[in-house]
Amino acid sequence: MLKFYNTLTKSLEKFKPHGEIVGLYTCGPTVYNYAHIGNLRTYIFADILRRVLEYNNFKVNHVMNITDVGHLTDDADQGEDKMEKGAKREGKTAWEVAEFYTNAFLNDTKKLNILPATIICKATDHIPEQISQVQILIDKGLTYETNDGIYFDTTKIADYGKLARLNKQTLKTGARVAMGEKKNPHDFALWKFSPKNEKRQMEWSAFGRNGFPGWHIECSAMSIKFLGEQFDIHCGGIDHIPVHHTNEIAQAEAVTNKKPWVNYWLHGEHLVMDDKSHSAKAQVKMAKSGDNFITVQTLIDHGINPLAYRYFLLQTHYRKQLQFSWEALEAAQTGLNNLKKEIQKLPTASDIDTDIATATEEEFLQAINNDLNVPEALAVLWSQVKTKNISQKTVAKWDRILALNLLYNSEKKILTIPPEIQKLLDERALARADKNWAKSDALRDKILILGFVIKDTDQGQKISAS
Ligand code: AMP
Ligand code: ZN
């Protein structure tokens, strides 16, 4: 039985999808800078979620957006657009900045064995969809206009803030929120007008003036477009609970008149680091706005394999805060190398007693199905590896979730072709026989993400580790 902790109900719930295909939406990166390894912790958590669903034989339609416009430096709708700020910093256009950091992000995710979403969609490619949702909200009388934009009036929604259990009364009287012309502290921008004397690089004509979408509307518009008016799972980091996801829910449920918009809300805890600005020991969340954030390239420059970082993360449950340190990463790298060495000594499938194998697989499955308890699943793997009560075939199967390339060594020689890769290779051979080149290419890309390069030769497909 697959169970998740649902932020919406604050409880562990059995997972029941709407239909045959699970709709999963992940809030994607804001592409004005490199993703830091804190951001990537959230995407690895989402990747584990997706892999666990697939391991349980669900088909998953995974949508992830790219925020390439509208995310302001202040979450309360003030400040500069992060993209335009990035453009000034780098002397490029906002469009160039977006393209560069989108590619950098996708490259980083590849290095961490994060599967690409089924659909990756950019906010700037979906402006008409966003305008249309804002128009519906205007027509329903849920908005008001100020000098700088069109705002959602949160007092018109009885259950506003249900995800974060926001106490509206306290916030009204006690909050110190930059209000501008907003009527209520929680009201948020659906559409911002371009400043009167300034030509923005990214702007569109709508609602009688040039402007750009507020940060939240892109996720409601694109998720509904690709996953329908109600879908199964929405995830992101915990910082999204009180503002971004709360506002997404308000918009989407008001647009569609359907509740709940999303059944399961899953949130990953933060990666934190020592706060160097304080003399007393304190931790802060790793943040792009901070100066000393760490990227995948920083890891590589320190001699840390990105998959050792993945292994480091998998040792802590996604709902627990995790403290970054180089010592802990080095220990994780040693641990992963040792694990792989031990795996090389394991027997093949035929040598293991079937009853033992079944019991072990059951233990592993129970761990991952219990709100993605990967640390416990890793403990199962380690104990079985130590007693040699597990075959390489089972390790290959479990690595479909862990994605640590457990079956090839550091020289990247393949020890075994994992069964799921063989299945994809067989499928691709059939696609090629049918001259279905699109499918063949898609399968080649999928196999590449899983760590293997294919060469088509006269003798058929030749595979090697990437
Ligand atoms: P952003 O690119 O800033 O829009 O953030 C992308 C994702 O990273 C969001 O889901 C955030 O919640 C998440 N995030 C931001 N900082 C951290 C952190 N220090 N640890 C884990 N996740 C984070
Ligand atoms: Zn979002």
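Visitor: How many residues of the lining of the second largest pocket are polar, how many nonpolar and how many charged?
Guide: In this predicted model, the lining of the second largest pocket sorts into three classes. Charged residues number eight and nonpolar residues ten, while the polar class holds 17.

Visitor: Which residues lie closest to the centre of the second largest pocket?
Guide: This pocket encloses about 770 Å³ of space. Its lining comprises 35 residues. The closest to the centre are N39, H71, K82, D239 and K285.

Visitor: Which element gives the most to the lining of the second largest pocket?
Guide: Two or more residues come from each of α2 (82–90), β11 (231–237) and α1. At the level of domains, domain 1 (18–268) and domain 2 (271–402) each contribute at least three. The element that gives the most, with four residues, is α1.

Visitor: What residues lie nearest the centre of the largest pocket?
Guide: The largest pocket holds about 1,300 Å³ of space. Its lining consists of 37 residues, which divide into 19 nonpolar, 13 charged and five polar. Nearest the centre are R50, E54, L115, L424 and K446.

Visitor: Which domains each supply at least three residues to the lining of the largest pocket?
Guide: Several elements each supply at least two residues to this lining, among them α1 (37–55), β4 (59–66) and α3 (94–111). Helices α14 (419–433) and α15 (437–449) likewise each supply at least two. The domains that each provide at least three residues are domain 1 (18–268) and domain 3 (419–460).

Conventions
Residues are numbered from 1 along each chain as its sequence is written. Chains are lettered from A and ligands numbered from 1 in the order in which they are written. This is a predicted model: local features need pLDDT of at least 70, side-chain atom pairs count only at pLDDT 80 or more; totals for chains, interfaces and linings use all residues. Side-chain values use heavy atoms; hydrogens and water are left out. On a 1 Å grid over the protein atoms alone, a cavity is a set of points where a 1.4 Å probe fits but cannot get out, and a pocket is an open set with protein on both sides within 12 Å along at least five of seven lines; lining residues have an atom within 4 Å of a point. Grid points are joined across faces, edges and corners, and a volume is the space filled by probe spheres set on the points. Ala, Val, Leu, Ile, Met, Phe, Trp, Tyr, Cys and Pro count as nonpolar, Asp, Glu, Lys and Arg as charged, and the others, Gly among them, as polar. Domain bounds come from an automatic or database domain assignment.
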